[in-house]
Amino acid sequence: ATQFTDAQPSGFHLVHNAVSNETWEVIQRWLSSNMLPSSANEPSNLMCVPIPWETGEQMQGRVIAQFGSCKYDYTVDDAVLCDQSTMIPIPSYIRETLLENEGGDDEEHYTHTQCIINVYEANNEIPWHLDHKNFGDKVLVYTFGEERPLLLRKPISHKDDKSIEYGSIGLLQPEEEYTFHISRAYPRHCSKYILQGSARNEWEHSVPCGSGKRVSITFRSWRCAK
């Protein structure tokens with residue numbers, strides 16, 4: 001059972017027009033080139049490295065690329081630390097362009113130690129889930145392309161009055177056993193949203209199929225990082 005609510009979850013924050021369309025056009029060009037973007041601060045050995053695209057059934061058919069000191073391993077459904085010898089750092093252009101929009105100091109910019117780029121075609125979706133518990137309390141997401149609803153749901157009761165329990169990436173019991181509050185948000189092209197607190201840890205989220213291409217760029221941290 002579901003109960004729709006107009007209220008946004010605590011810890012959810014949506015900003016439209018968070019970056020310019022010109023910034024998106026630059027990002028779109030380097031995504032199309034399949035090469036990592038370079039900047040004045042980019043190490044020379046990373047200036048000609050192909051984007052590490054991954055795809056498969058575990059990603060529901062969408063194409064992804066991951067950067068930074070940790071990642072989500074879709075083959076085992078687990079968040080893991082990366083081998084330092086093979087880690088590809090978050091590209092400087094992406095860090096400088098998107099994280100500086102956060103308006104914090106350098107320490108704020110560099111608390112994000114993981115970046116994942118998701119490219120969705122029309123028939124790609126993301127099922128209900130929580131970001132893995134090993135990732136930190138703040139998840140920052142930029143959205144580009146087709147406007148699709150972001151659905152959020154929180155269980156409010158179990159049919160047998162059992163306690164509500166979460167695993168690493170979502171509810172432990174089948175969804176049919178719960179009654180949910182469901183909220184909708186509509187990130188536009190060049191928007192960003194933040195999941196933090198209750199929105200991060202208690203409200204599962206999903207993105208349905210659409211009719212066009214959508215790109216998201218997500219920044220996360222490792223929960224154990226100091």
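How many cavities of 30 Å³ or more does the structure hold? The exercises below work through this and related points. The model is predicted: local features need pLDDT of at least 70, side-chain atom pairs count only at pLDDT 80 or more, and totals for chains, interfaces and linings use all residues. Residues are numbered from 1 along each chain as its sequence is written, and side-chain values use heavy atoms, leaving out hydrogens and water.

**Exercise 1. Find the cavity and describe its lining.**

Step 1. The structure holds one cavity of 30 Å³ or more. On a 1 Å grid over the protein atoms alone, a cavity is a set of points where a 1.4 Å probe fits but cannot get out. A volume is the space filled by probe spheres set on the points, which are joined across faces, edges and corners.

Step 2. The largest cavity has about 30 Å³ of space.

Step 3. Lining residues have an atom within 4 Å of a point. Here they include Thr143, Phe144, Gly145, Arg188 and Arg214. Strand β9 gives the most, with three residues.

Step 4. Sort the lining: two nonpolar, three polar and five charged. Ala, Val, Leu, Ile, Met, Phe, Trp, Tyr, Cys and Pro count as nonpolar; Asp, Glu, Lys and Arg as charged; the others, Gly among them, as polar.

**Exercise 2. Compare the descriptions of the two largest pockets.**

Step 1. A pocket is an open set of points with protein on both sides within 12 Å along at least five of seven lines.

Step 2. The largest pocket holds about 510 Å³ of space. Its lining has 27 residues, with Arg62, Tyr74, Ile126, His129 and Asp131 nearest the centre. By class they are 14 nonpolar, eight polar and five charged. Strands β7, β8, β9, β12, β13 and β14 each supply at least two residues.

Step 3. The second largest pocket holds about 170 Å³. Among its lining residues are Pro52, Glu54, Phe67, Cys82 and Met87. Two or more residues come from each of β4 (63-68) and β5 (70-73). β4 gives the largest share, three residues. The lining divides into six nonpolar, three polar and three charged.

**Exercise 3. Lay out the seven-stranded sheet.**

Step 1. Helices (H or I, at least four residues) and strands (E, at least two) are DSSP runs, numbered from the N terminus. The protein has four helices and 14 strands.

Step 2. Two strands pair if DSSP finds at least two bridges between them. The open sheet runs β2-β12-β9-β14-β7-β4-β3, with antiparallel pairing.

Step 3. Find the edges. β2 (12-15) and β3 (53-55) each have a single partner strand, so one side of each is left without a neighbour in the sheet. The twist averages 20° from one strand to the next.

Step 4. Check one pair. Four bridges join β2 to β12 (residues 191-196). His13 stands opposite Ile194.

Step 5. Add the helix. α1 (residues 21-33) packs on the sheet and touches β3, β7, β9 and β14. Contact means heavy atoms within 4.5 Å. The direction of α1 makes about 95° with that of β14. Axes are lines fitted to C-alpha atoms, for helices over the stretch in contact, and angles run from 0 to 180 degrees between N-to-C directions.

**Exercise 4. Is Lys159 buried or exposed?**

Step 1. Locate Lys159: the loop between β10 (150-158) and β11 (178-185).

Step 2. Apply the cut-offs. Buried means under 20% relative accessible area, exposed over 50%, partly exposed in between (1.4 Å probe, protein chains only). Lys159 has 59%, so Lys159 is exposed.

Step 3. Look across the loop. The C-alpha atoms of Lys159 and Tyr178 are 6.0 Å apart, with their positions 19 residues apart along the chain.
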